[in-house]
Amino acid sequence: MSIAFTPWPDNFAQRYRERGYWIDKPLTDILLRQANNDAVAMIDAQGSLSYRQLNQQSDRLAGALARRGLVAGDTALVQLGNRNEFYVVFFALLKLGVVPVNALFSHQRNELQAYAGQIQPALLIADRQHPLFANDDFLDAFRDQHPSLRQVALLHEAQSECSLAAWIAEQHPTFSPSPTAADQVAFFQLSGGSTGTPKLIPRTHNDYYYSIRRSVEVCRFDQQTRYLCALPIAHNYPMSSPGGLGVFYAGGQMVIATDPSAQGCFQLIEKHQINVTALVPPAVTLWLQAIEQKGSNQALASLQLLQVGGAKLGETLAARIQTEIGCQLQQVFGMAEGLVNYTRLDDDSRHILTTQGCPMSPDDELWVADEQGNPLPAGHIGRLMTRGPYTFRGYYRSPAHNAEAFDDNGFYCSGDLISLTDDGYVKVEGRQKDQINRGGEKIAAEEIENLLLRHPEVINVALVSMPDELMGEKSCAFVVSHQELKSVVLRRHLREQGVAEFKLPDRFVRVEQLPLTPVGKIDKKRLRQSFDAQSPARVTGE
Ligand code: AMP
Ligand code: DBH
(Lines give C-alpha, C1' and ligand atoms only; values in the text may rest on other atoms or scores of the structure.)
(Ligands and ions follow the chains in the order given, each with its own letter.)
Protein backbone atom coordinates (compact mmCIF):
# COMPACT_ATOMS: atom_id res chain seq x y z
CA MET A 1 0.00 0.00 0.00
CA SER A 2 1.38 3.42 -0.85
CA ILE A 3 1.02 6.61 1.14
CA ALA A 4 -1.59 9.06 -0.15
CA PHE A 5 -0.34 12.45 -1.33
CA THR A 6 -1.30 15.20 -3.77
CA PRO A 7 0.41 14.30 -7.06
CA TRP A 8 1.67 16.73 -9.69
CA PRO A 9 -0.70 16.93 -12.67
CA ASP A 10 0.30 14.54 -15.49
CA ASN A 11 1.47 17.26 -17.86
CA PHE A 12 3.85 18.59 -15.20
CA ALA A 13 5.14 15.11 -14.37
CA GLN A 14 5.77 14.52 -18.05
CA ARG A 15 7.66 17.80 -18.44
CA TYR A 16 9.80 17.15 -15.35
CA ARG A 17 10.74 13.74 -16.77
CA GLU A 18 11.45 15.09 -20.25
CA ARG A 19 13.78 17.69 -18.82
CA GLY A 20 15.68 15.09 -16.86
CA TYR A 21 14.65 16.31 -13.41
CA TRP A 22 12.71 13.20 -12.48
CA ILE A 23 14.78 10.14 -13.25
CA ASP A 24 12.51 7.51 -11.70
CA LYS A 25 15.13 6.21 -9.33
CA PRO A 26 14.62 5.83 -5.58
CA LEU A 27 16.72 7.81 -3.08
CA THR A 28 18.52 4.58 -2.18
CA ASP A 29 20.34 5.08 -5.49
CA ILE A 30 22.39 7.80 -3.75
CA LEU A 31 24.00 5.11 -1.60
CA LEU A 32 24.03 2.28 -4.13
CA ARG A 33 26.17 4.43 -6.44
CA GLN A 34 28.82 4.36 -3.70
CA ALA A 35 28.24 0.81 -2.43
CA ASN A 36 31.80 -0.33 -3.22
CA ASN A 37 33.45 2.90 -2.17
CA ASP A 38 35.79 2.44 0.79
CA ALA A 39 36.20 6.18 1.32
CA VAL A 40 34.87 7.57 4.60
CA ALA A 41 31.30 8.78 4.17
CA MET A 42 30.56 10.02 7.66
CA ILE A 43 32.29 10.81 10.94
CA ASP A 44 30.62 11.52 14.27
CA ALA A 45 31.89 11.70 17.86
CA GLN A 46 31.71 7.89 18.09
CA GLY A 47 33.51 6.94 14.91
CA SER A 48 33.46 6.81 11.16
CA LEU A 49 31.66 4.79 8.48
CA SER A 50 32.83 4.18 4.94
CA TYR A 51 30.29 4.16 2.14
CA ARG A 52 30.57 0.39 1.98
CA GLN A 53 29.90 0.13 5.72
CA LEU A 54 27.00 2.57 5.57
CA ASN A 55 25.47 0.47 2.81
CA GLN A 56 26.05 -2.80 4.68
CA GLN A 57 24.76 -1.50 7.99
CA SER A 58 21.61 -0.09 6.43
CA ASP A 59 21.12 -3.43 4.62
CA ARG A 60 21.46 -5.32 7.88
CA LEU A 61 19.05 -3.04 9.69
CA ALA A 62 16.56 -3.29 6.83
CA GLY A 63 16.82 -7.07 7.07
CA ALA A 64 16.30 -6.98 10.83
CA LEU A 65 13.23 -4.83 10.38
CA ALA A 66 11.86 -7.06 7.62
CA ARG A 67 12.26 -10.10 9.86
CA ARG A 68 10.25 -8.30 12.50
CA GLY A 69 7.38 -7.84 10.10
CA LEU A 70 7.93 -4.33 8.76
CA VAL A 71 6.84 -4.05 5.12
CA ALA A 72 6.76 -1.49 2.34
CA GLY A 73 4.02 1.06 2.93
CA ASP A 74 4.41 1.00 6.72
CA THR A 75 5.30 4.27 8.39
CA ALA A 76 7.88 5.01 11.08
CA LEU A 77 8.46 7.75 13.62
CA VAL A 78 12.19 8.35 14.05
CA GLN A 79 13.87 10.65 16.55
CA LEU A 80 17.65 10.55 16.41
CA GLY A 81 20.15 13.32 17.03
CA ASN A 82 23.31 14.31 15.22
CA ARG A 83 25.00 10.97 14.77
CA ASN A 84 25.85 8.40 12.10
CA GLU A 85 22.89 6.18 12.97
CA PHE A 86 20.52 8.82 11.59
CA TYR A 87 21.60 7.95 8.04
CA VAL A 88 21.94 4.21 8.70
CA VAL A 89 18.28 4.27 9.76
CA PHE A 90 17.19 6.62 6.97
CA PHE A 91 18.63 4.39 4.24
CA ALA A 92 17.42 1.19 5.91
CA LEU A 93 13.85 2.49 5.93
CA LEU A 94 14.12 3.68 2.32
CA LYS A 95 15.40 0.26 1.30
CA LEU A 96 12.43 -1.39 2.94
CA GLY A 97 9.92 1.09 1.59
CA VAL A 98 8.99 2.12 5.13
CA VAL A 99 8.09 5.82 5.13
CA PRO A 100 9.53 7.80 8.06
CA VAL A 101 8.94 11.11 9.77
CA ASN A 102 12.28 12.28 11.16
CA ALA A 103 11.41 14.33 14.24
CA LEU A 104 13.99 16.82 15.48
CA PHE A 105 15.91 15.80 18.59
CA SER A 106 14.62 18.96 20.30
CA HIS A 107 11.04 17.78 19.89
CA GLN A 108 9.11 16.61 22.91
CA ARG A 109 5.94 14.67 23.66
CA ASN A 110 3.56 17.08 22.01
CA GLU A 111 5.35 17.10 18.66
CA LEU A 112 5.91 13.33 18.60
CA GLN A 113 2.27 12.69 19.44
CA ALA A 114 1.13 15.06 16.72
CA TYR A 115 3.26 13.30 14.10
CA ALA A 116 2.30 9.83 15.28
CA GLY A 117 -1.37 10.79 15.25
CA GLN A 118 -1.05 11.69 11.58
CA ILE A 119 1.02 8.77 10.28
CA GLN A 120 0.05 5.99 12.71
CA PRO A 121 3.52 4.49 12.79
CA ALA A 122 4.21 0.77 12.77
CA LEU A 123 7.73 1.48 14.00
CA LEU A 124 9.32 3.85 16.50
CA ILE A 125 13.06 4.47 16.55
CA ALA A 126 14.35 6.74 19.32
CA ASP A 127 17.23 7.31 21.73
CA ARG A 128 17.34 6.45 25.44
CA GLN A 129 19.48 9.56 25.86
CA HIS A 130 16.49 11.75 24.99
CA PRO A 131 14.68 12.76 28.20
CA LEU A 132 11.38 11.34 26.89
CA PHE A 133 12.88 7.86 26.59
CA ALA A 134 15.03 7.87 29.72
CA ASN A 135 12.47 5.52 31.27
CA ASP A 136 9.43 3.64 29.91
CA ASP A 137 6.66 6.04 30.98
CA PHE A 138 6.29 7.82 27.68
CA LEU A 139 6.88 4.63 25.68
CA ASP A 140 4.10 2.80 27.52
CA ALA A 141 1.66 5.66 27.05
CA PHE A 142 2.69 5.95 23.39
CA ARG A 143 2.07 2.23 22.81
CA ASP A 144 -1.41 2.57 24.34
CA GLN A 145 -2.29 5.60 22.27
CA HIS A 146 -0.98 4.23 18.98
CA PRO A 147 -2.16 0.66 18.47
CA SER A 148 -0.58 0.79 14.99
CA LEU A 149 2.83 0.49 16.67
CA ARG A 150 4.35 -2.97 16.22
CA GLN A 151 8.07 -2.49 16.81
CA VAL A 152 10.33 -0.22 18.84
CA ALA A 153 14.10 0.10 18.51
CA LEU A 154 16.16 2.28 20.81
CA LEU A 155 19.66 3.64 20.71
CA HIS A 156 21.59 3.29 23.98
CA GLU A 157 19.32 0.44 25.02
CA ALA A 158 20.74 -2.29 27.24
CA GLN A 159 18.19 -5.01 26.43
CA SER A 160 19.04 -6.58 23.11
CA GLU A 161 15.50 -7.30 21.87
CA CYS A 162 14.85 -3.64 21.16
CA SER A 163 18.39 -2.33 20.87
CA LEU A 164 18.95 -0.47 17.63
CA ALA A 165 22.67 -1.26 17.80
CA ALA A 166 21.92 -5.00 18.11
CA TRP A 167 19.53 -4.87 15.15
CA ILE A 168 22.15 -3.11 13.03
CA ALA A 169 24.68 -5.80 13.98
CA GLU A 170 22.36 -8.73 13.15
CA GLN A 171 23.50 -11.07 10.39
CA HIS A 172 20.97 -12.68 8.09
CA PRO A 173 20.61 -14.24 4.73
CA THR A 174 20.51 -11.85 1.81
CA PHE A 175 18.13 -8.96 1.87
CA SER A 176 16.68 -7.56 -1.31
CA PRO A 177 15.61 -3.91 -1.26
CA SER A 178 12.02 -2.93 -2.02
CA PRO A 179 11.87 0.86 -1.94
CA THR A 180 8.59 2.57 -2.72
CA ALA A 181 8.12 3.57 -6.37
CA ALA A 182 10.13 6.65 -7.37
CA ASP A 183 7.00 8.71 -7.99
CA GLN A 184 5.63 7.84 -4.54
CA VAL A 185 6.32 9.21 -1.05
CA ALA A 186 9.83 8.40 0.21
CA PHE A 187 9.53 10.16 3.56
CA PHE A 188 7.84 13.06 5.29
CA GLN A 189 9.56 16.37 5.85
CA LEU A 190 8.53 18.67 8.70
CA SER A 191 6.94 22.04 8.11
CA GLY A 192 7.88 24.99 10.30
CA GLY A 193 4.14 25.51 10.39
CA SER A 194 1.77 28.33 11.14
CA THR A 195 -1.21 26.35 12.41
CA GLY A 196 -2.16 24.54 15.62
CA THR A 197 -0.89 21.12 14.54
CA PRO A 198 2.55 20.55 13.01
CA LYS A 199 2.10 19.69 9.33
CA LEU A 200 3.80 16.95 7.37
CA ILE A 201 5.18 17.33 3.86
CA PRO A 202 5.19 14.21 1.67
CA ARG A 203 8.39 14.14 -0.41
CA THR A 204 8.66 11.73 -3.30
CA HIS A 205 11.90 10.06 -4.40
CA ASN A 206 11.73 11.86 -7.74
CA ASP A 207 11.31 15.35 -6.40
CA TYR A 208 13.74 15.06 -3.48
CA TYR A 209 16.43 13.33 -5.51
CA TYR A 210 16.27 16.11 -8.08
CA SER A 211 16.59 18.81 -5.40
CA ILE A 212 19.72 17.04 -4.11
CA ARG A 213 21.35 16.57 -7.52
CA ARG A 214 20.63 20.14 -8.55
CA SER A 215 21.95 21.45 -5.19
CA VAL A 216 25.16 19.46 -5.64
CA GLU A 217 25.57 21.06 -9.06
CA VAL A 218 24.90 24.61 -7.88
CA CYS A 219 27.13 24.28 -4.80
CA ARG A 220 29.78 22.27 -6.67
CA PHE A 221 30.03 19.44 -4.19
CA ASP A 222 32.40 16.67 -5.29
CA GLN A 223 34.66 13.95 -3.89
CA GLN A 224 36.83 16.61 -2.30
CA THR A 225 33.89 18.03 -0.34
CA ARG A 226 34.29 17.80 3.41
CA TYR A 227 31.04 19.09 4.86
CA LEU A 228 30.39 19.85 8.49
CA CYS A 229 26.81 19.13 9.58
CA ALA A 230 26.33 21.42 12.57
CA LEU A 231 22.57 22.03 12.31
CA PRO A 232 19.96 19.45 13.40
CA ILE A 233 20.65 16.52 11.10
CA ALA A 234 16.97 15.81 10.27
CA HIS A 235 16.30 19.35 9.07
CA ASN A 236 15.71 19.81 5.35
CA TYR A 237 18.58 22.31 5.03
CA PRO A 238 21.46 20.09 6.26
CA MET A 239 19.82 17.04 4.67
CA SER A 240 19.35 18.31 1.15
CA SER A 241 20.75 21.76 0.44
CA PRO A 242 23.02 19.93 -0.55
CA GLY A 243 23.57 18.67 3.00
CA GLY A 244 24.35 15.10 3.96
CA LEU A 245 22.56 13.55 1.00
CA GLY A 246 24.36 15.92 -1.35
CA VAL A 247 27.69 14.85 0.17
CA PHE A 248 26.82 11.18 -0.33
CA TYR A 249 25.68 11.76 -3.90
CA ALA A 250 28.97 13.49 -4.66
CA GLY A 251 31.08 10.88 -2.84
CA GLY A 252 32.48 13.44 -0.36
CA GLN A 253 32.73 13.25 3.39
CA MET A 254 30.45 14.53 6.14
CA VAL A 255 31.57 15.30 9.66
CA ILE A 256 28.76 15.57 12.20
CA ALA A 257 28.92 18.10 15.04
CA THR A 258 26.50 17.86 17.95
CA ASP A 259 25.63 21.57 17.66
CA PRO A 260 26.80 24.73 15.85
CA SER A 261 28.73 26.20 18.81
CA ALA A 262 32.03 27.78 17.80
CA GLN A 263 34.23 25.83 20.17
CA GLY A 264 33.24 22.36 18.99
CA CYS A 265 32.91 23.28 15.33
CA PHE A 266 36.26 25.10 15.09
CA GLN A 267 38.02 22.01 16.42
CA LEU A 268 36.25 19.73 13.96
CA ILE A 269 36.94 22.07 11.06
CA GLU A 270 40.63 22.14 11.83
CA LYS A 271 40.92 18.42 12.57
CA HIS A 272 39.05 17.25 9.48
CA GLN A 273 40.01 20.09 7.15
CA ILE A 274 36.37 20.92 6.53
CA ASN A 275 35.82 23.03 3.41
CA VAL A 276 32.07 23.74 3.56
CA THR A 277 29.40 24.06 6.21
CA ALA A 278 25.88 25.39 6.68
CA LEU A 279 24.76 27.73 9.44
CA VAL A 280 21.85 29.90 10.55
CA PRO A 281 22.56 33.62 11.14
CA PRO A 282 22.86 33.54 14.99
CA ALA A 283 25.57 30.89 14.73
CA VAL A 284 27.48 33.18 12.36
CA THR A 285 27.41 35.93 15.00
CA LEU A 286 28.72 33.54 17.63
CA TRP A 287 31.48 32.31 15.33
CA LEU A 288 32.55 35.92 14.63
CA GLN A 289 32.63 36.64 18.37
CA ALA A 290 34.76 33.55 18.96
CA ILE A 291 37.20 34.64 16.25
CA GLU A 292 37.42 38.09 17.83
CA GLN A 293 38.13 36.59 21.23
CA LYS A 294 40.78 34.25 19.89
CA GLY A 295 42.23 37.04 17.78
CA SER A 296 42.55 34.53 14.93
CA ASN A 297 40.54 32.64 12.34
CA GLN A 298 43.40 30.21 11.76
CA ALA A 299 41.33 27.18 12.80
CA LEU A 300 39.00 27.91 9.88
CA ALA A 301 41.74 28.12 7.26
CA SER A 302 40.41 25.11 5.30
CA LEU A 303 36.88 26.53 5.05
CA GLN A 304 36.07 27.73 1.54
CA LEU A 305 32.31 28.12 1.57
CA LEU A 306 29.88 29.10 4.32
CA GLN A 307 26.21 28.61 3.56
CA VAL A 308 23.85 30.77 5.60
CA GLY A 309 20.09 30.38 5.61
CA GLY A 310 17.01 29.43 7.58
CA ALA A 311 16.43 33.03 8.60
CA LYS A 312 17.28 36.41 7.12
CA LEU A 313 20.96 37.29 7.14
CA GLY A 314 21.46 41.02 7.70
CA GLU A 315 23.75 42.85 5.27
CA THR A 316 26.17 44.00 7.96
CA LEU A 317 26.67 40.48 9.23
CA ALA A 318 26.93 39.17 5.67
CA ALA A 319 29.69 41.62 4.86
CA ARG A 320 31.85 40.45 7.77
CA ILE A 321 32.00 36.80 6.63
CA GLN A 322 34.49 37.14 3.80
CA THR A 323 36.93 39.32 5.73
CA GLU A 324 36.65 37.88 9.22
CA ILE A 325 35.99 34.19 8.61
CA GLY A 326 37.99 34.26 5.41
CA CYS A 327 35.69 32.24 3.18
CA GLN A 328 33.00 32.74 0.61
CA LEU A 329 29.39 33.28 1.64
CA GLN A 330 26.42 31.57 0.00
CA GLN A 331 22.94 32.67 1.04
CA VAL A 332 20.33 29.92 1.06
CA PHE A 333 16.61 30.59 1.24
CA GLY A 334 14.77 27.31 1.33
CA MET A 335 11.83 25.50 2.78
CA ALA A 336 11.01 21.91 3.64
CA GLU A 337 8.04 22.28 1.28
CA GLY A 338 10.43 22.46 -1.67
CA LEU A 339 11.74 25.67 -3.28
CA VAL A 340 15.40 26.42 -2.56
CA ASN A 341 17.17 29.61 -3.64
CA TYR A 342 20.94 29.97 -3.66
CA THR A 343 23.30 32.79 -4.43
CA ARG A 344 25.64 31.30 -7.02
CA LEU A 345 29.33 30.77 -6.34
CA ASP A 346 30.31 33.12 -9.18
CA ASP A 347 27.79 35.86 -8.36
CA ASP A 348 29.16 39.33 -7.68
CA SER A 349 29.35 40.46 -4.09
CA ARG A 350 26.31 42.73 -4.39
CA HIS A 351 24.09 39.74 -5.14
CA ILE A 352 25.74 37.59 -2.48
CA LEU A 353 25.49 40.22 0.25
CA THR A 354 22.09 41.73 -0.48
CA THR A 355 19.88 38.92 -1.84
CA GLN A 356 18.76 35.50 -0.69
CA GLY A 357 19.66 33.98 -4.03
CA CYS A 358 17.59 32.80 -6.95
CA PRO A 359 15.67 29.56 -7.51
CA MET A 360 17.94 26.61 -8.19
CA SER A 361 15.90 25.05 -11.01
CA PRO A 362 15.13 26.64 -14.39
CA ASP A 363 11.62 25.19 -13.90
CA ASP A 364 10.98 26.74 -10.50
CA GLU A 365 8.12 29.13 -11.17
CA LEU A 366 8.01 32.04 -8.78
CA TRP A 367 5.95 35.21 -8.67
CA VAL A 368 4.95 37.85 -6.18
CA ALA A 369 1.27 38.31 -5.34
CA ASP A 370 -0.42 41.44 -4.03
CA GLU A 371 -3.25 41.36 -1.49
CA GLN A 372 -5.76 40.51 -4.23
CA GLY A 373 -3.62 37.73 -5.68
CA ASN A 374 -2.44 39.71 -8.72
CA PRO A 375 1.18 39.57 -9.85
CA LEU A 376 3.45 42.44 -8.85
CA PRO A 377 6.39 43.77 -10.88
CA ALA A 378 10.03 43.56 -9.75
CA GLY A 379 10.89 45.67 -6.73
CA HIS A 380 7.44 45.42 -5.14
CA ILE A 381 6.84 43.53 -1.91
CA GLY A 382 4.23 40.80 -1.84
CA ARG A 383 3.56 37.14 -1.12
CA LEU A 384 5.86 34.48 -2.57
CA MET A 385 4.00 32.04 -4.85
CA THR A 386 5.83 29.03 -6.25
CA ARG A 387 5.54 25.67 -7.96
CA GLY A 388 8.12 23.44 -9.56
CA PRO A 389 9.72 20.02 -9.95
CA TYR A 390 10.53 19.61 -6.25
CA THR A 391 7.89 21.78 -4.59
CA PHE A 392 5.10 19.74 -3.02
CA ARG A 393 1.45 20.00 -4.01
CA GLY A 394 -0.20 19.45 -0.62
CA TYR A 395 0.37 18.83 3.09
CA TYR A 396 -0.43 15.33 4.29
CA ARG A 397 -4.11 14.88 5.12
CA SER A 398 -4.80 18.60 5.45
CA PRO A 399 -7.48 19.46 2.86
CA ALA A 400 -8.70 22.60 4.63
CA HIS A 401 -5.23 24.03 5.09
CA ASN A 402 -4.22 23.07 1.55
CA ALA A 403 -7.18 24.98 0.15
CA GLU A 404 -5.66 28.11 1.69
CA ALA A 405 -1.99 27.40 1.06
CA PHE A 406 -2.35 26.74 -2.70
CA ASP A 407 -3.97 28.70 -5.49
CA ASP A 408 -6.05 27.13 -8.26
CA ASN A 409 -2.97 26.61 -10.41
CA GLY A 410 -1.08 24.67 -7.81
CA PHE A 411 1.15 27.53 -6.69
CA TYR A 412 2.18 27.23 -3.05
CA CYS A 413 2.01 30.38 -0.95
CA SER A 414 4.86 30.06 1.57
CA GLY A 415 3.71 32.98 3.69
CA ASP A 416 6.95 34.84 3.06
CA LEU A 417 6.90 38.44 1.88
CA ILE A 418 9.51 38.99 -0.78
CA SER A 419 10.51 41.24 -3.64
CA LEU A 420 12.29 40.21 -6.82
CA THR A 421 15.20 42.06 -8.38
CA ASP A 422 15.16 42.82 -12.10
CA ASP A 423 17.35 39.78 -12.70
CA GLY A 424 15.15 37.40 -10.72
CA TYR A 425 16.91 37.28 -7.35
CA VAL A 426 14.82 37.07 -4.19
CA LYS A 427 14.94 39.45 -1.26
CA VAL A 428 13.08 38.24 1.82
CA GLU A 429 11.28 41.28 3.22
CA GLY A 430 9.06 39.86 5.91
CA ARG A 431 6.40 37.30 6.62
CA GLN A 432 2.66 37.03 6.48
CA LYS A 433 2.28 33.61 8.11
CA ASP A 434 1.65 33.51 11.83
CA GLN A 435 5.08 32.18 12.66
CA ILE A 436 8.11 33.28 14.65
CA ASN A 437 11.52 32.55 13.13
CA ARG A 438 13.77 32.25 16.17
CA GLY A 439 17.16 32.20 14.52
CA GLY A 440 16.05 29.59 12.00
CA GLU A 441 13.87 27.59 14.39
CA LYS A 442 10.27 28.06 13.42
CA ILE A 443 7.45 28.47 15.94
CA ALA A 444 3.80 28.32 14.86
CA ALA A 445 2.12 30.95 17.06
CA GLU A 446 -1.20 29.10 17.16
CA GLU A 447 0.39 25.92 18.49
CA ILE A 448 1.80 27.71 21.55
CA GLU A 449 -1.29 29.87 22.03
CA ASN A 450 -3.45 26.74 22.17
CA LEU A 451 -1.19 25.20 24.80
CA LEU A 452 -1.17 28.37 26.91
CA LEU A 453 -4.97 28.56 26.71
CA ARG A 454 -5.09 25.19 28.48
CA HIS A 455 -3.87 26.94 31.62
CA PRO A 456 -6.93 27.62 33.81
CA GLU A 457 -5.92 31.22 34.58
CA VAL A 458 -5.28 32.20 30.96
CA ILE A 459 -8.20 33.93 29.26
CA ASN A 460 -6.59 34.97 26.01
CA VAL A 461 -3.13 35.02 24.52
CA ALA A 462 -1.20 36.15 21.45
CA LEU A 463 2.31 35.02 20.57
CA VAL A 464 4.30 37.49 18.46
CA SER A 465 7.89 38.02 17.43
CA MET A 466 10.08 40.64 19.06
CA PRO A 467 13.34 41.83 17.57
CA ASP A 468 16.50 40.34 19.01
CA GLU A 469 20.03 41.26 18.09
CA LEU A 470 21.41 37.72 18.15
CA MET A 471 18.42 35.57 17.19
CA GLY A 472 16.82 38.02 14.77
CA GLU A 473 13.50 37.29 16.45
CA LYS A 474 12.45 35.98 19.81
CA SER A 475 8.93 35.22 20.96
CA CYS A 476 6.74 37.20 23.32
CA ALA A 477 3.39 36.02 24.67
CA PHE A 478 0.85 38.73 25.49
CA VAL A 479 -1.41 37.16 28.08
CA VAL A 480 -4.83 38.17 29.39
CA SER A 481 -5.31 36.37 32.68
CA HIS A 482 -7.57 36.26 35.72
CA GLN A 483 -4.63 37.03 37.95
CA GLU A 484 -0.97 37.91 37.71
CA LEU A 485 0.96 34.89 36.40
CA LYS A 486 4.69 34.55 36.76
CA SER A 487 6.70 33.65 33.65
CA VAL A 488 8.12 30.62 35.44
CA VAL A 489 4.61 29.31 36.02
CA LEU A 490 3.67 29.63 32.37
CA ARG A 491 6.96 28.13 31.21
CA ARG A 492 6.47 25.20 33.56
CA HIS A 493 2.93 24.78 32.25
CA LEU A 494 4.26 24.59 28.69
CA ARG A 495 6.99 22.14 29.63
CA GLU A 496 4.35 19.96 31.27
CA GLN A 497 2.41 20.05 28.01
CA GLY A 498 5.49 18.51 26.43
CA VAL A 499 6.61 21.12 23.96
CA ALA A 500 10.09 21.68 22.49
CA GLU A 501 12.18 24.07 24.55
CA PHE A 502 12.85 26.52 21.68
CA LYS A 503 9.10 27.14 21.44
CA LEU A 504 8.80 28.48 25.01
CA PRO A 505 8.12 32.24 24.88
CA ASP A 506 11.21 34.29 25.70
CA ARG A 507 9.02 36.85 27.39
CA PHE A 508 5.51 37.11 28.85
CA VAL A 509 3.60 40.39 29.10
CA ARG A 510 0.32 40.60 30.98
CA VAL A 511 -2.24 42.85 29.32
CA GLU A 512 -5.81 43.87 30.17
CA GLN A 513 -6.98 42.96 26.71
CA LEU A 514 -5.62 42.22 23.27
CA PRO A 515 -5.97 44.89 20.57
CA LEU A 516 -8.32 43.92 17.73
CA THR A 517 -8.36 44.79 14.04
CA PRO A 518 -11.52 46.35 12.53
CA VAL A 519 -12.74 42.84 11.59
CA GLY A 520 -12.20 41.63 15.14
CA LYS A 521 -9.01 39.58 14.75
CA ILE A 522 -6.17 39.98 17.23
CA ASP A 523 -4.03 42.84 15.96
CA LYS A 524 -0.59 41.26 16.12
CA LYS A 525 0.93 44.06 14.10
CA ARG A 526 0.08 46.50 16.87
CA LEU A 527 1.44 44.15 19.49
CA ARG A 528 4.70 43.90 17.55
CA GLN A 529 4.84 47.69 17.22
CA SER A 530 4.96 47.95 20.99
CA PHE A 531 8.58 46.76 20.78
CA ASP A 532 9.45 49.70 18.60
CA ALA A 533 11.45 52.14 20.76
CA GLN A 534 9.61 55.09 19.21
CA SER A 535 6.18 53.68 19.93
CA PRO A 536 4.19 55.45 22.67
CA ALA A 537 2.61 52.09 23.56
CA ARG A 538 5.97 50.62 24.54
CA VAL A 539 5.56 47.71 26.92
CA THR A 540 7.48 47.70 30.14
CA GLY A 541 6.10 44.76 32.09
CA GLU A 542 7.71 41.32 32.31
P1 AMP B 1 10.37 25.52 7.15
O2 AMP B 1 8.91 25.68 6.86
O3 AMP B 1 10.68 25.12 8.54
O4 AMP B 1 11.03 24.64 6.17
O5 AMP B 1 11.01 26.96 7.02
C6 AMP B 1 11.05 27.64 5.81
C7 AMP B 1 10.96 29.11 6.07
O8 AMP B 1 12.18 29.58 6.66
C9 AMP B 1 10.80 29.95 4.85
O10 AMP B 1 9.47 29.96 4.39
C11 AMP B 1 11.26 31.30 5.35
O12 AMP B 1 10.25 31.92 6.11
C13 AMP B 1 12.38 30.94 6.31
N14 AMP B 1 13.71 31.04 5.67
C15 AMP B 1 14.50 30.04 5.24
N16 AMP B 1 15.65 30.52 4.72
C17 AMP B 1 15.60 31.86 4.83
C18 AMP B 1 16.48 32.94 4.47
N19 AMP B 1 17.68 32.71 3.90
N20 AMP B 1 16.08 34.20 4.72
C21 AMP B 1 14.89 34.45 5.30
N22 AMP B 1 14.01 33.48 5.66
C23 AMP B 1 14.36 32.21 5.44
O1 DBH C 1 14.61 27.11 6.71
C2 DBH C 1 14.52 26.12 5.96
O3 DBH C 1 13.59 25.31 6.04
C4 DBH C 1 15.58 25.91 4.92
C5 DBH C 1 16.63 26.82 4.79
C6 DBH C 1 17.61 26.61 3.84
C7 DBH C 1 15.53 24.79 4.09
O8 DBH C 1 14.51 23.89 4.20
C9 DBH C 1 16.52 24.58 3.12
C10 DBH C 1 17.57 25.50 3.00
O11 DBH C 1 16.44 23.49 2.33
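1. In this predicted model, an oxygen atom of ligand 1 is placed 3.1 Å from a polar backbone atom of G192. Two further backbone contacts can be listed beside it: a nitrogen atom of ligand 1 lies 2.8 Å from a backbone N or O atom of V332, and an oxygen atom of the ligand is 2.8 Å from a polar backbone atom of A336. Taken alone, ligand 1 would expose 500 Å², and the protein buries 95% of that area.

2. The surroundings of ligand 1 deserve a look residue by residue. There are 17 residues around the ligand, and those that come nearest are V332, A336, D416, K433 and K442. As for secondary structure, strand β13, which spans residues 328–335, gives the most to this shell, contributing four residues.

3. On the overall layout, the protein is divided into domain 1 (27–36 + 49–179), domain 2 (209–431) and domain 3 (435–539). The centres of domain 1 and domain 2, taken over C-alpha atoms, are separated by 28 Å, and the contact between these two domains takes 21 residues from domain 1 and 25 residues from domain 2.

4. The largest nonpolar core comprises 148 residues, and within it L54, Y87, L245 and F248 have the most contacts. Helix α4 (residues 85–96) supplies the largest share of this core, namely ten residues, while domain 1 and domain 2 each provide at least three residues to it. Another core lies apart from this one; it has 19 residues, among them I443, L452, V499 and F508.

5. L54 is a useful residue from which to inspect the largest core, being one of those with the most contacts inside it. Which residues is L54 in contact with, once its neighbours within four places in sequence are left aside? The list is L31, A41, M42, L49, Y87, V88, F91 and F248, and of these Y87 and F248 are themselves named among the residues with the most contacts in the core.

6. A final point concerns G440, which lies in the loop between β20 (435–438) and β21 (441–444). Is this glycine buried or exposed? G440 counts as buried because its relative accessibility is 10%, whereas the cut-off for that class is under 20%. Not counting residues up to four places away in sequence, G440 touches V280, G310 and A311. With G310 in particular, the C-alpha to C-alpha distance is 4.5 Å, although G440 and G310 are 130 residues apart in sequence.

Conventions. Residues are numbered from 1 along each chain as its sequence is written. Chains are lettered from A and ligands numbered from 1 in the order in which they are written. This is a predicted model: local features need pLDDT of at least 70, side-chain atom pairs count only at pLDDT 80 or more; totals for chains, interfaces and linings use all residues. Side-chain values use heavy atoms; hydrogens and water are left out. A nonpolar core is a set of buried Ala, Val, Leu, Ile, Met, Phe, Trp, Tyr and Cys residues joined through side-chain atoms within 4.5 Å. Buried means under 20% relative accessible area, exposed over 50%, partly exposed in between (1.4 Å probe, protein chains only). Helices (H or I, at least four residues) and strands (E, at least two) are DSSP runs, numbered from the N terminus. Domain bounds come from an automatic or database domain assignment. Contact means heavy atoms within 4.5 Å. A residue is near a molecule or strand if one of its heavy atoms lies within 4 Å of it. A polar contact is a pair of N or O atoms within 3.5 Å; within protein, one must be able to donate a hydrogen and the other to accept it, and residues adjacent in sequence count only if both atoms are side-chain atoms. Accessible areas come from the Shrake-Rupley method with a 1.4 Å probe; for residues, only the protein chains shown count as cover.
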